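Biologist: I keep hearing labels thrown at this model. Can we check them one by one?

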Amino acid sequence: MSRLAAGVVLVTAQEPPLDPDDPQAPRGEDVGMTATAFMSVSLDPPLVLVSLRDGSRMDDLLTEQPQWAVSVLSESQRHIAGRFAMKGRISDRLLFDDIPYVRGEVTGAPLVGGALATLECRTEQRVRAGDHTLVVGRVLTAHVPSAEGGPLTYFKGRYRQLG
């Protein structure tokens, strides 16, 4: 499968508040994950799919948090993809520190500045598939914040640019 070129996205979500019944309770931490197994499923209704490794932090979070977001990374955002793909990485809070982002209006999840497109989603279905879970999400919002640059792709184990 390393011979199949894929676009690169950052999937993000916000942990639920520590005490959902207390409006003053601190918000949960932001979590992010680089993904190349992401695709459009349907236009009507608008559905997308992301594949998550079983037991990953994002898989665990999306089991309890139905709202999440996707930023389609541009070729100039290779450093973001690499940062959120590291094994044994530092806390997610520190990973977001110097990355420009806005909070999604519906999900509250980080949406990366300079991304080619951003989506906010709500989980519709989870399907076990081997050692991964396929998460189908309904697109709640979609924006094209940047028309600059080409997509970041992943091919033969490396991030690449088109052309």
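Here we go through the salt bridges and the exposure labels.

Modeller: First, the small print: this is a predicted model, where local features need pLDDT of at least 70, side-chain atom pairs count only at pLDDT 80 or more, and totals for chains, interfaces and linings use all residues. Residues are numbered from 1 along each chain as its sequence is written, and side-chain values use heavy atoms, with hydrogens and water left out.

Biologist: Why is the contact of D30 and R103 called a salt bridge?

Modeller: The term asks for a side-chain nitrogen of Lys or Arg within 4 Å of a carboxyl oxygen of Asp or Glu. D30 and R103 have N to O at 2.7 Å, so the pair qualifies. D30 lies in strand 3 (residues 30–35) and R103 in strand 7 (residues 101–103), so the pair ties together parts 73 residues apart in sequence; strands here are DSSP runs of E, at least two residues, numbered from the N terminus.

Biologist: What makes D30 buried or exposed?

Modeller: Buried means under 20% relative accessible area, exposed over 50%, partly exposed in between (1.4 Å probe, protein chains only). D30 sits at 10%, so buried it is. R103 comes out at 28%, so that one is partly exposed.

Biologist: And which side chains does E124 meet in salt bridges?

Modeller: R122, at 3.1 Å, N to O, and R138, at 3.2 Å. E124 is in strand 9 (residues 117–129) and R138 in strand 10 (residues 132–143), 14 residues apart. E124 has 38% relative accessible area, hence partly exposed.

Biologist: How many salt bridges does the rule give?

Modeller: Eight. E15, E29 and R57 form a linked network of them.

Methods. Helix = DSSP H or I, 4+ residues; strand = E, 2+ residues; numbered from the N terminus.
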